[in-house]
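The following note sets out numbered remarks for a colleague who is examining this structure. Each remark takes up one aspect of the fold or of its side-chain contacts.

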Amino acid sequence: MADNEVQRVSAPEETCRNCGAALNSAYCGQCGQRALDRDERRFGHLLRDAFGVLTNLDGRAWRTFIALLFRPGQLSRDYIAGRRIFWLSPIAVFLLANLLFFLSPPITDFTLQFEDQVTGEVILMANEGQTISPQLETLLRGWRGQVYSPLASELVKGRVEARDAAARAENPPTGSYSVSSYRDAYNAVSSETGKLLIGLHIPFMALALAALFPGRRLLFADHFVAALHMFSFFIIAQQLLMLPLRIANGLTDASWVSAGFSYLILAGLLVFAAYMVIAIRAIYAAAWWRTALSSVALIAALLAIHLLIYRPVQFLVIHILI
């Protein structure tokens, strides 16, 4: 049966492979799919097809991302107005931006390690037996971490205590489980988990936009589209800004390279703030003074979302996973 299937694909098409309708031209009159020919089963066609998509500057993907980067607000404004055929969908834009982010080296503020999530007391417990300077030990004993770090630390200690008891019961001579074991397991998955959860910012960003611009006959989905586009720009812009330093970091271990990452993160935030002002002006047609104030409020809301929602959710998800 498989051989017959291959023979039918290799032979001239008489019926549509998608819907089974009779073919009278190169395209099916029923569903619109193009008739297959023999060469389209070959690997070379697959490569040519991929190359054509990547090099077709008139394609929707290229047009969409050029507009996203250099014409703030146009994609959202057109989507809300119903002009959609020339652009990728907002969800597709975000998923592609998120794929770029997922494949790139982590940005520390979005992929927090164990030490960034707990109190100094638990950090000391994770480093028990290691040499720590008196100054650092004093600093860590007074370090309370994030707003939620005391609660996170209690969850860690409870988990470690339970697993240590289970390990000792199962293997009394050598069984044990320590805070350092938990830390190692946490850090092993923190980067990927943080990247997968980055989209958590978007619905709350959309809520903030809805609160800032009420009474404009816009649905929540319209604000969600604006949030998708603006946050997609933020993800891509951060990666593009850091690319030169990442290349330099692979070529040299000079201290200025490490210091440069902090400055570039700040530069990225400033670029995002300017982009947000122009995008909000284009999408909501607000006066410049209101646009500027709304942008400041939106940045403050994003910071609160990041600190009070994204970070604790990231910890809880990893805590459950490990």
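1. Nature of the model and overall architecture. The coordinates are a predicted model, and the remarks below should be read accordingly. The protein has 13 helices and zero strands, so that the order of elements along the sequence is an unbroken series of α elements. Of its 322 residues, 38% count as buried.

2. Contacts and surface. Among contacts in the protein with a separation of 6 or more, 67% are made by residues 24 or more positions apart. The accessible surface comes to about 18600 Å². Carbon and sulfur atoms account for 63% of this surface.

3. A salt bridge between two helices. The whole structure contains six salt bridges. In one of them, the side chains of K157 and E121 meet with an N to O distance of 3.6 Å. K157 belongs to helix α8 (residues 149-170) and E121 to helix α6 (residues 120-126), so this pair ties together parts that are 36 residues apart in sequence. Both partners are partly exposed: K157 has a relative accessible area of 21%, and E121 one of 42%. The value for K157 lies just on the partly exposed side of the boundary, because buried means under 20% relative accessible area.

4. A salt bridge within one helix. R141 and E137 form a salt bridge in which the closest N and O atoms are 2.9 Å apart. The two residues are four positions apart in helix α7 (residues 134-141), and about one helical turn separates them. R141 is exposed, at a relative accessible area of 60%, whereas E137 is partly exposed, at 29%.

5. A salt bridge with a buried partner, and a network. Which of the two partners, D184 or R183, counts as buried? The side chains of D184 and R183 meet at 3.3 Å, N to O. It is R183 that counts as buried, with a relative accessibility of 13%, while D184 is partly exposed at 46%. Elsewhere, salt bridges with shared partners join E121, E154 and K157 into one network; the K157 and E121 pair of point 3 has both its members there.

6. An edge-to-face aromatic pair. The count of aromatic pairs comes to nine. For F114 and Y186, the ring centres are 6.1 Å apart and the planes stand at 65°, so the pair is edge-to-face. F114 lies in the loop between α5 (90-103) and α6, and Y186 lies in helix α9 (residues 179-196), so the pair ties together parts that are 72 residues apart in sequence. F114 is buried, at 0% relative accessibility, and Y186 is likewise buried, with a relative accessible area of 0%.

7. A tilted aromatic pair. F234 and F272 form a tilted pair, with 5.0 Å between centres and 55° between planes. This pair links distant parts of the chain, since F234 is in helix α11 (residues 220-251) and F272 is in helix α12 (residues 255-284), 38 residues apart. F234 counts as buried at 7% relative accessibility, and F272 counts as buried at 7%.

8. An aromatic cluster. Beyond the individual pairs, ring pairs link F114, Y182, Y186 and F315 into a cluster. The edge-to-face pair of F114 and Y186 therefore has both of its members in this cluster.

9. A lysine over two rings. Over which rings does the charged end of K195 sit? K195 lies over the face of F101, at 6.0 Å from the ring centre. The charged end of K195 also sits over the ring of F102, 5.9 Å from its centre.

10. A nonpolar surface patch. L96, L99, F102, L103 and L196 make a nonpolar surface patch of about 510 Å². Helix α5 gives the most to this patch, with four residues. One of the patch residues, L96, is found in helix α5 and is partly exposed, with a relative accessible area of 41%. F102 thus appears both in the patch and beneath the charged end of K195.

Key. Residues numbered from 1 in each chain as written. Predicted model: local features only at pLDDT ≥ 70, side-chain atom pairs only at ≥ 80, totals over all residues. Heavy atoms only, no water. Salt bridge = Lys/Arg side-chain N within 4 Å of Asp/Glu carboxyl O. Buried < 20%, exposed > 50% of the residue type's maximum accessible area, 1.4 Å probe, protein only. Phe/Tyr/Trp six-rings, centres within 6.5 Å; stacked < 30°, edge-to-face > 60°. Lys NZ or Arg CZ within 6 Å of the ring centre and 35° of its normal. Patch = residues over 30% accessible without salt bridge, like charges linked within 9 Å, V, L, I, M, F, W, Y side chains within 5 Å. Areas by Shrake-Rupley, 256 points an atom, 1.4 Å probe, with all protein chains shown as cover. Contact = heavy atoms within 4.5 Å.
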